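Q: I am new to this structure and would like a close look at a single part of it. Please take me through the aromatic residues and the strands around them.

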Amino acid sequence: MLRTAQTLSVLSLFLVLAALGTAGDAEKEAGAILDKAIKAHFPKGIDTKNKGLRTKSAGKIHVMGVDLDFTQQVSVQAASKFKEAIEMTFMGKTINVTTVFNGKDAWIKAGDKDIKVTEEIMGELKDAAYVMGLMQGLFFKDKGLKFSLLGEHKFKGKASVGVNVSREGKKDVSLFFDKTTGLLSKVEIRKRDIMSGMEVQEERFILDYQDVEGRKVAKKVEVLRDGKEFLEAEVTEVQILEKLGDDEFAQPK
């Protein structure tokens, strides 16, 4: 039932990756792409003060041939704390799952039942936190990040240019930006499916954006797993806050 690792990062796409400074030609070109993305996502300038976020969204999840309607509330405190409360409907029954990761410990509660957080699940939660941190630009001064060009691609009829981001000990993340607007159009990463235990290629398409307090924020998202439909979601509410309290990331009761 866990969906945090698959959906969370696409709901907090506040891209702030900094210029690459003195680098080779390829990295300079990648830096130019990222500079354009910064301006596209923060047309009024980068906001370094507010690192808290709450979102609400709704959509469908496609699992084992079944389409499940869901609503979701997510809280994020950059760079490593997040909480997801998701409600799904299956055969007329309502299923509630809450997942919390406080940067160190994690808890999952399905209905009244506590779900064991295995080493595998913890790894997925840590990966989700890393991608969120990457997307929010918290590592933009980190010289451990390396960038390479992925060339031009076309998604949903629009041209995009790609940049691969790598870091020792972490999975590569491929970012694609609309060639015209500079906005992030796709995120691609290898990850492990919690239910099957198999690794999959996940593609997250940002189909539409909304303006929230001087930022461009994802509004509509589509996720594919190994080329197959997995999730569609629309972000219906966004709150940008300076900081969320630690109690928001406590063990669910």
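A: Phe-155 is a good place to begin, since at 13% relative accessibility, under the 20% cut-off, this residue counts as buried. The model is a predicted one, and its protein chain contains 3 helices and 13 strands. Of the 253 residues in that chain, 49% count as buried, and Phe-205, with a relative accessibility of 7%, is likewise a buried residue.

A search of the whole structure finds 3 aromatic pairs. In one of them, the ring centres of Phe-82 and Phe-101 lie 5.5 Å apart while their planes meet at 40°, so the pair is tilted. This pair links distant parts of the chain, with Phe-82 in strand 3 (residues 81-90) and Phe-101 in strand 4 (residues 93-101), 19 residues apart. Both Phe-82 and Phe-101 are buried.

Phe-155 and Phe-205 also form an aromatic pair, this one edge-to-face, with 5.8 Å from centre to centre and 70° between the planes. Because Phe-155 belongs to strand 7 (residues 146-155) and Phe-205 to strand 11 (residues 199-212), the pair ties together parts that are 50 residues apart in sequence. Together with Phe-176, these two residues, Phe-155 and Phe-205, form one aromatic cluster. A charged residue belongs to this picture too, for Lys-156 lies over the face of Phe-205, at 5.0 Å from the ring centre.

Phe-176 leads on to strand 9, where Ser-174, Phe-176 and Asp-178 are buried on one side, and Val-173, Leu-175 and Phe-177 are buried on the other. In a regular strand, side chains alternate between the two faces of the sheet. In strand 9 (residues 173-178), 6 of the 6 residues are buried, so the strand is largely enclosed by the rest of the structure.

Strand 9 has pairing partners that can be followed in turn. Strand 8 (residues 158-166) pairs with strand 9 in the antiparallel sense over 6 bridges, and Val-161 has Phe-177 of strand 9 as its bridge partner. The hairpin of strand 8 and strand 9 has 6 residues between the strands, and in this hairpin Gly-169 takes a positive phi near 85°. Strand 10 (residues 184-192) runs antiparallel to strand 9 and is joined to it by 4 bridges, with Phe-177 standing opposite Leu-184 of strand 10. Strand 9 and strand 10 also form a hairpin, with 5 residues between them, and Gly-182 in the turn has a positive phi of about 85°.

Terms used:
Residues are numbered from 1 along each chain as its sequence is written. This is a predicted model: local features need pLDDT of at least 70, side-chain atom pairs count only at pLDDT 80 or more; totals for chains, interfaces and linings use all residues. Side-chain values use heavy atoms; hydrogens and water are left out. Rings of Phe, Tyr and Trp (its six-membered ring) pair if their centres lie within 6.5 Å; planes under 30 degrees apart count as stacked, over 60 as edge-to-face and the rest as tilted. Helices (H or I, at least four residues) and strands (E, at least two) are DSSP runs, numbered from the N terminus. Buried means under 20% relative accessible area, exposed over 50%, partly exposed in between (1.4 Å probe, protein chains only). A charge sits over a ring if NZ of Lys or CZ of Arg is within 6 Å of the ring centre and within 35 degrees of the ring normal. Two strands pair if DSSP finds at least two bridges between them.
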